[in-house]
Amino acid sequence: MALEGVTKSFGASAVLKGVDLFLRAGEIVAFMGANGAGKSTLVKIVAGVHDLSGGAMRLDGRPFQPSSPSDALRHGIVVVHQAINDNVVLSMDVLENLCIDRLCRGGPVLFRRGRWRAEAQAMAARVGLDVPLNTPVSELSLADRQMVAIARALGHDPKLLILDEPTSALSDAEAERLFRVVLDLKRRGVPVLYISHRMGDIRRLADRIVTLRDGVVTGDFAPPLDYGAAVQAMLGRQLAKASHARVPGGEVVVETRDLRVSAESPPVSLSLRTCEVTAVVGLVGAGKTELAECLFGARRPAAGAIRLDGRPFAPASPGAAVAAGVHMAAEDRAGASLVPDFDLSQNVSLPFTRAFSSLGLLGRSAERRHAADFVRRLGIVAPSEIAPMSALSGGNQQKVVLARWLSRPCRLLILDEPFQGVDIAARRDIGQALRDTAEARATLVLCADLDEAAEVADRILVMSQGAVVSEHFAGSLDREAVIRDLSKSTHAERHAA
Amino acid sequence: MQPDLAQPASANLPERKRSEGFAFRPIAVRYGLVTLLVLMVAFFGVMEPSFLSVRNLVIVLQSVSIVAILALGVTATLVVGGFDLSIGAVAATSLMTSSYIMVVFGGGTVAAVGACLAVGALVGLVNGLLIVRLRIPDLLATLGMMFLLLGLQLIPTEGRSIASGMTLPDGSTATGSFTAAFLALGRYRVFDLVPISVLVMLALALLITVFLTFTRFGRIMYAIGSNERAARLAGAPVEAYRIAAYMISGVFASVGGVLLAARVGRGDVSSGNSLLLDAVAAALIGFAVFGAGKPNAIGTAIGALFVGLLLNGLTMMNAPYYAQDFIKGAVLVAALMFTFGLSNRPR
Amino acid sequence: MQPDLAQPASANLPERKRSEGFAFRPIAVRYGLVTLLVLMVAFFGVMEPSFLSVRNLVIVLQSVSIVAILALGVTATLVVGGFDLSIGAVAATSLMTSSYIMVVFGGGTVAAVGACLAVGALVGLVNGLLIVRLRIPDLLATLGMMFLLLGLQLIPTEGRSIASGMTLPDGSTATGSFTAAFLALGRYRVFDLVPISVLVMLALALLITVFLTFTRFGRIMYAIGSNERAARLAGAPVEAYRIAAYMISGVFASVGGVLLAARVGRGDVSSGNSLLLDAVAAALIGFAVFGAGKPNAIGTAIGALFVGLLLNGLTMMNAPYYAQDFIKGAVLVAALMFTFGLSNRPR
Amino acid sequence: QGAAPAPFDGSKKPRIALVRYLSTGDFFQAYLSGVERQAEALGIELRVFDSRQDAALQADMMDQAIGLGVDGIIVQHGLTESMKPAVQRALDAGIKVVAFDVNVENEAVPQVEQSDRDLARLALEQAIKDNGEEFEAGYVYVAGIAPLDRRDETWTEFKAKYPGIKEAARWGTMDNPIANSVANQASAVLRANPTIQVVFAPYDEFAKGVKIAVDEAGMSGDIKIYSADISTADIAAMREPGSAWAATAATNPAVVGEVSVRTLAMLLAGENPGASVIVPPTLITQAQLNDENIANMEELSKKLPQFAHADVAVPAWMKLPPR
Ligand SMILES: Nc1ncnc2c1ncn2[C@@H]1O[C@H](COP(=O)(O)OP(=O)(O)OP(=O)(O)O)[C@@H](O)[C@H]1O
Ligand SMILES: Nc1ncnc2c1ncn2[C@@H]1O[C@H](COP(=O)(O)OP(=O)(O)OP(=O)(O)O)[C@@H](O)[C@H]1O
Ligand SMILES: [Mg+2]
Ligand SMILES: [Mg+2]
């Protein structure tokens, strides 16, 4: 596969300004670039979603111009797209999702589940996806949905595999299984284009690193790989070393006592304080999201109590939680956070329209000023503060979600997987912003990835199977111990069961 | 539905454990509407014994057949996440077309039926292109088409209904007439009992059920209805499927129109709006049958039957038409409350 | 469109170069339908000068006022991602209710209007509860409600129209009559020119436009319509808003019914038949006005006006009713092709 | 033939408007064609306003017609309440008005009527003649439609007058296609009441529906249908071998249309056509149609002169449409 001078513009804004890229058989190329650099756009051009504005593509030496995703698929180009919900059909079950692309390509007219079951099971087993095949995908966690998408992609015999931030919703264990399969494909000679903001992934997989900045390739690093230089080429500047001292917690803001998110789950007792940023790490399915939802009123706990500022707190709805000063950026960006029909500023102000209105009438200019301020502060790459969400890259959409919940003071700020798809530099900046403003509130960050957690947190709680199993502190973080605690994992238990 | 699972149900998937103990809710959700149907039949049977005679049940089938056929067609568009408001008008147009061809042009049965099916397919194609290529929202495109057809079908006769010997706008007299074979479509009874329209309905119901539920095309259509983007990215030719759905809907509606013409035996001026609403009602009730919660052909057929039995029974009991509307609405709402209110689907 | 940003565009804001060259498409999308409207008016005005007389334009406004009011109400439900099929039936029920109260109970104007508004709000509330609490799909719940009301409104009079001196089902004679004040709602003309129904329509259009576009409540309603879950997790009381939308729709429909009763001066059972489809058409055309691509009140009002002007002009030019339907459908489809086909919204 | 008075002496081309409440269906189409023919014969320019069963719109259209400055208006159907003030506005503007089948309660407006009561009476008298004074009847009726309500009054009178007539069942619907919907209902009714001998369906769409059901039940020999109104399609249905549709009472809608225009023309010429102009109905039986071998409305008009032309509103100067 080779790309020659590929350009792409949306209306007047040029996104790709002449990209040259080639992939050799049996090579994993890590494709790095800051949010909005144009990575996903490139992927979509190769996958037949977008037409290219200029340049050419070649596949096996022949000119290649896919007219549609199905055309690209027929040529053996298999893609896991960045937006997870673009990869799965929620109303269908796991089996159907695993074989849907095969159904589209042909085969017997009658669809018999029995015929597909063995194959689907093999696909699922390959990536260690461990859910009943008849579970509707809408009931799966985001991570499992991602695994379904990956399982389907890997189930093909791709000629070219493109993974656009496949691990953003995964924890290390799932990621590791993914890596093994990818490496296996590599051995079989399949070229892989791998996009990620996680240096860990790139260290593990990359044979070559190509960096993209503002739509132009700024670096092509062959082994031995110089990761520092790659990051610099991608950002156009040096990345400051991240380290922070632990800030001890102030007064207690939120306390849970024997909180059970569901009847079967273990009790959770924790307290969150001002100044301190608390991160909860846990594998996928550990129950982090469910805990957050209980605190935010999106889920009714089965037992136990929550206290906010010393008073009992049992929010009946997210609305009540927001009113009480509890803010939460949900995990599922597209499904649970963003309003697709709204522009950037409207998405930022959504929960706080009251603050921008008098007598119910909205003050549009104040709203826009406010959003523009955050566009600048979080480095959101967008045409303007009134750009539609569809014109933003995945990482920048995530930043919009964060901007929304950072935009007003609160008592408790919950961020569920806040760094999905956010590039390294921006992650640092946001982490810094979080820490800088942590004084007046309790901050709870839920991450599957330990590096992310360590970067931002003063205190790290490890969660496994719904229970908090250990507590660690920045400065004295014993990674080995954390990983040991994590590995009492749900999945291990699941397999044992 | 599937007693699946290779692995034993894992501990942290609570929904798999439902089957322990007798669960009332899911059963109520799944069979609520069907139970209601059975109770209704029993009630009418007791009140009016002739209700349960075979002949009457055939009458019920016959009276729902046309609506059911339209409803089955619209189900196909519902499956791909669309909606076809033009079906009533297509049926009316097909009624006029077949009459016109036989009465004015003196055409034969095959020509009349063929032309109707062609008209249905063409309207479906145009609907589909408007929606897929020009990206007009479904409701809007088919609403426009509805008005257009309602007018169009009356232009050739200047608003007159079509019958043998009618005077044409140019003053001449139409010489053709409905062919016997065409009328037989509406009147002949197999074994002197089952009208052809009922057989057509059953055949089409079977066909579309198999198509939607058991073929890969059907799977893909459901996928498109649920997440068009994901289906496209998985390689589905989304445009083609959506156009096909509208063509199915158009053809089914035109079949309904042909049967209507054969039964009525003349080109009746009509808007078909009642057909539209009844067909939509049947298709939507279908959501509730067996707790499907989504468009499905079996449900649609049962939905049509449900309304047909209710109206037949009420008519037998001499309920005036307005009371029938009222009871139809009330039973509908009650059945739906039952089905949807109890199901604890997450929102 | 908007002069950019307070801050100088930061390094990572790509510059916008739109203004180079004349962009035809966005303008065609935005003003296509309005241009068509203006052309249409000009054409009719040339063909038939009295079309442009103030009196005639007032007649157009008056003839669209009731449909427009219903359409504005249904727009509110479209905004929250719902749909209200019961509006026509609510208007008819309100027509019958007001007539019944005045003619049979001898009630006054305030009682009649008040009862209608209460009925409208109640129906909206029930619709909302069915949809929100019992999670019945919108189309289904309101369709059931539609049938229910269509029957219910006829029960008190056993299907007869309500007029002074009518015979009631129990054999007695109704003694009341429409009050002068009530009839004035339909007949009085401010400055001897503008009927009250037009003023009511304009006031409601203004009200709902401001509400939907400029208040935070409207903003939240749009958010709910676009992504309900996101709105809920942003703290919006989604249930309350959705119920409110159906209540707005119900109340607007009942206002339409009151005005219809005042204009007709009798509880006529067949008035209000075509209101649903016409109102839906207006609301859907509204999607295309100014390239909004989503439900909006201004668009709805212009959509209603569009259809009204077209029909009025065609009538003036002596087009028969079926040709009017045809042209209405054709113009609708053409206008939509223009607006939606050209806009390059991503799918 | 005397010289025509102004404005029919060629001094000016009069303009009239037909403001209709109902327009869909054969009756209304035939009515319109009658209006058009007579208008043409008199050299009148005609404007047609179709309000499609929207009473409010009909009132608006009256105003539209007034705005056009026509010389005369024919109001075809409508509601008394909504038409009364609208007609008054027209009269105030100096426009002559004739009303067909709607009572606008105004002395200055002559009423053209196809007497619905007479229609029902003729059909029912024939039913009694054919079946005797005692029979079990089915009745198709939808309340709230003015002509049906008037026909219903006659039915009520007959039932009182002939206690031997027993109404076993009553049904009806205006769901379109009406014939099909009525057929569905009638099928159920006939199963529940197999002893019905006579069906009174005073609207041809109803009769058509009942006939379909009777045929499908194989009961054409046992049941007789009496109705009102007629069209070419109805003639074919009545003449089918073994048809249960025994008789219908009808006025020729085209003739009614002609009469309406003539009445208005008399007003325009300053003559007085009288407060009410009644077009007498004709009884048409199956036997008659078969005996005379009548296949459509034109032949019906030829064979039954009273059906082809009503001798009302014909002053000496009146030009009649060619026949
Ligand atoms: N449909 C569109 N219309 C206009 N601009 C777009 C559109 N899609 C993407 N863009 C712009 O193109 C640029 C590149 O987006 P892309 O999604 O390729 O970024 P990315 O490199 O994948 O970023 P991320 O790491 O955040 O996923 C962004 O600045 C975005 O605003
Ligand atoms: N809608 C749902 N229906 C049923 N089970 C669910 C649903 N959502 C999540 N689960 C299950 O509940 C368990 C806990 O999920 P939760 O999302 O809280 O985990 P998590 O630690 O946040 O993991 P993740 O990293 O995926 O967010 C998982 O096993 C998950 O599969
Ligand atoms: Mg991306
Ligand atoms: Mg989570």
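## Working through two ligands and a set of chains

Helix 5 (142-155) and helix 9 (288-295) of chain A each bring at least two residues to the shell around ligand 2. Keep in mind that this is a predicted model. Here are some exercises to get you started.

### Exercise 1

Which helix gives the largest share of the shell around ligand 2, and which residues come nearest to this ligand?

**Solution.**
- Step 1: Start with the helices. Helix 9 of chain A has the largest share of the shell, with three residues.
- Step 2: Now look at the neighbours. There are 16 residues around ligand 2, and the nearest are Gly285(A), Gly287(A), Lys288(A), Thr289(A) and Glu331(A).
- Step 3: Sort the shell by class. You get four nonpolar, five polar and seven charged residues.

### Exercise 2

Where does ligand 2 lie with respect to chains, and where with respect to the domains of chain A?

**Solution.**
- Step 1: Take the chains. Ligand 2 sits between chains A and B.
- Step 2: Take the domains. Domain 1 (2-235) and domain 2 (252-496) of chain A both contribute residues to the shell around ligand 2, so the ligand lies between these domains as well.

### Exercise 3

Pick out polar contacts of ligand 2 (N or O pairs within 3.5 Å). What distances do you find for Lys288(A), Thr289(A) and Glu331(A)?

**Solution.**
- Step 1: For Lys288(A), look at the backbone: one of its N or O atoms is 2.9 Å from an oxygen atom of ligand 2.
- Step 2: For Thr289(A), go to the side chain, where a polar atom lies 2.6 Å from an oxygen atom of the ligand.
- Step 3: Glu331(A) also uses its side chain, with an N or O atom 2.3 Å from an oxygen atom of ligand 2.
- Step 4: Check the cover. On its own ligand 2 exposes 620 Å², and the protein buries 84% of that.

### Exercise 4

Now do the same for ligand 1. Which residues come nearest, and how much of the ligand's accessible area does the protein cover?

**Solution.**
- Step 1: Of the 21 residues around ligand 1, the nearest are Lys39(A), Ser40(A), Thr41(A), Ala391(A) and Gly395(A).
- Step 2: Find the helices. Helix 1 (39-46) and helix 14 (394-406) of chain A each supply at least two residues of this shell.
- Step 3: Go through the polar contacts. An oxygen atom of ligand 1 is 2.6 Å from a side-chain N or O atom of Ser40(A), and for the side chain of Thr41(A) the distance is 2.5 Å. Gly395(A) offers a polar backbone atom, 2.6 Å from an oxygen atom of ligand 1.
- Step 4: Ligand 1 has 640 Å² of accessible area when alone, and the protein covers 88% of it.
- Step 5: Count by class. The shell around ligand 1 has seven nonpolar, 12 polar and two charged residues.
- Step 6: Domain 1 and domain 2 of chain A both give residues to this shell, so ligand 1 lies between them.

### Exercise 5

Which chains share the most contacts, and what rotation superposes chain C on chain B?

**Solution.**
- Step 1: Five pairs of chains are in contact, and chains B and C share the most contacts. Chains A and D don't touch, with their nearest C-alpha atoms 37 Å apart.
- Step 2: A rotation of 180° with 0.0 Å of shift along its axis puts chain C on chain B, with an RMSD of 0.5 Å. That is how a two-fold axis relates copies.
- Step 3: 98% of the interface residues of chain C are interface residues in chain B too, so the copies meet through the same surface.

How values were computed
Residues numbered from 1 in each chain as written. Chains lettered and ligands numbered in written order. Predicted model: local features only at pLDDT ≥ 70, side-chain atom pairs only at ≥ 80, totals over all residues. Heavy atoms only, no water. Near = heavy atom within 4 Å. Polar contact = N/O pair within 3.5 Å; in protein donor to acceptor, adjacent residues only side chain to side chain. Areas by Shrake-Rupley, 256 points an atom, 1.4 Å probe, with all protein chains shown as cover. Helix = DSSP H or I, 4+ residues; strand = E, 2+ residues; numbered from the N terminus. Nonpolar A, V, L, I, M, F, W, Y, C, P; charged D, E, K, R; others polar. Domains from an automatic or database assignment. Contact = heavy atoms within 4.5 Å. Least-squares fit on C-alpha atoms with pLDDT ≥ 70 in both.
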